[in-house]
Amino acid sequence: MHEGIEEAAAMLASSTRAVVSTGAGISRESGIPTFRDADGLWNSYRPEELATEEGFLANPGLVWRWYMERLSTARDREPNPGHYALADLEKLLPSLLTVTQNIDNLHRRAGISKIVELHGSIERFRCLENSHLHDWNDGWTSDEPPLCHCGSMMRPDVVWFGETLPRDELERAFTEAMNCDVMLVIGTSGIVQPAAQLPWIAKSVGAPVIEINIGRTVLTGMADIFLQGKSGEILPIVAGRVREMLG
Ligand code: BJW
């Protein structure tokens with residue numbers, strides 16, 4: 001067993017305000033690609049074209065089709081043992097809040113109920129002009145963005161580069177980070193702002209930071225505990241130990 005697991009589990013078991021910050025790595029074992037790994041999306045696709053408003057306005061069909069493909073992948077895939085272990089931890093630690101940069105909805109599907117989605121959701125849409133929100137509509141096609149009742153083009157309700165994050169979600173994430181007594185950071189490269197600030201905020205208020213990642217990141221040097229490996233393998237062990245400690 002990983003030597004830091006015992007210590008990490010003890011920190012979580014004794015916490016009263018735990019925050020978990022997740023990134024694309026937690027969903028990789030479900031078959032959803034990350035962004036910046038060797039097989040990540042940004043190695044095959046250009047973020048300027050696909051994840052900015054300018055890219056969308058230049059070629060709405062291209063961006064819409066890309067998101068439709070990713071929506072279909074997200075719906076086809078299942079939560080993995082890492083997602084389920086986090087849902088177990090939420091039951092064991094009622095104060096635990098999950099803050100995710102992921103848009104894939106897998107945390108909710110695994111049973112997580114206290115969650116802040118910083119970058120939106122691939123399951124939701126809003127129109128460009130008036131931000132009218134829509135769920136998926138079976139009358140829509142995957143080819144071109146449909147129009148809202150106000151006549152404006154529909155786009156995925158996700159946060160693209162250069163866009164501000166949803167205000168309430170960001171405020172809640174920052175407030176919880178400022179008040180947490182331990183932060184668990186899972187499967188993120190830790191470079192995309194402002195989400196990347198969360199572990200640093202936790203650290204600045206004296207909360208220990210536990211990182212789970214298959215490789216070292218910009219956060220590893222500041223983390224109090226670094227658990228190197230797949231989140232789908234490490235998280236179930238951590239959650240199991242927390243259950244025993246609280247048992
Ligand atoms: C495993 C594993 C396994 C693999 N187990 N681990 C300040 C300084 C510099 C730049 C900026 C700044 N403030 C703002 C910016 C600009 C920009 C930014 O941060 N750029 C950086 C790239 C430098 N930020 C923004 O534009 C944000 N907006 C903003 O700040 O507004 C105000 C503002 C605007 C303009 C100027 C200044 C201020 C918005 C960011 C939106 C990000 N959007 C995306 C796309 C969302 C929709 C979609 O999915 O299509 O969000 S980009 C992409 O990156 C996606 C992710 O949520 C996000 C983070 O990626 P994540 O999750 O960390 O994934 P990876 O791939 O990077 O890492 C995966 C990790 O998992 C790796 O470490 C692996 O090792 C690990 N892993 N398998 C455990 N099995």
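This text walks through the aromatic contacts and one pocket of a predicted model.

Start with the rings. A pair of aromatic rings is described by the distance of the centres and the angle of the planes. Across the whole structure, the search finds 11 aromatic pairs. One of them joins Tyr45 and Trp66. Their centres lie 5.3 Å apart, and the planes make an angle of 55°, so the pair falls between the limits of 30 and 60 degrees and counts as tilted. This pair links distant parts of the chain. Tyr45 sits in the loop between α2 (25-28) and α3 (47-50), Trp66 in helix α5 (residues 60-76), and 21 residues separate them.

Burial comes next. Tyr45 has 32% relative accessibility, so it counts as partly exposed. Trp66 counts as buried because its relative accessibility is 5%. Trp66 also pairs with Tyr67: the centres are 5.1 Å apart and the planes stand at 85°, which means an edge-to-face pair. Tyr67 is buried too, at 4% relative accessible area.

These three residues belong to one aromatic cluster, together with Phe35, Trp42, Phe56 and Trp160. Charges sit over two of its rings. The charged end of Arg70 is over the ring of Trp66, 4.4 Å from the centre. Arg155 lies over the face of Trp160, 3.8 Å from the ring centre.

Now the pocket. The second largest pocket has a volume of about 220 Å³. Its lining has 15 residues, and the closest to the centre are Glu117, Gly120, Arg124, Pro166 and Glu169. Strands β3 (115-117), β4 (120-127) and β6 (154-158) each give two or more residues to this lining. By type, the lining residues are six nonpolar, two polar and seven charged.

Definitions and conventions: Residues numbered from 1 in each chain as written. Predicted model: local features only at pLDDT ≥ 70, side-chain atom pairs only at ≥ 80, totals over all residues. Heavy atoms only, no water. 1 Å grid on protein atoms, 1.4 Å probe; cavity = no way out; pocket = protein on both sides within 12 Å on 5 of 7 lines; lining within 4 Å. Points joined across faces, edges and corners; volume = space filled by probe spheres on them. Helix = DSSP H or I, 4+ residues; strand = E, 2+ residues; numbered from the N terminus. Nonpolar A, V, L, I, M, F, W, Y, C, P; charged D, E, K, R; others polar. Phe/Tyr/Trp six-rings, centres within 6.5 Å; stacked < 30°, edge-to-face > 60°. Buried < 20%, exposed > 50% of the residue type's maximum accessible area, 1.4 Å probe, protein only. Lys NZ or Arg CZ within 6 Å of the ring centre and 35° of its normal.
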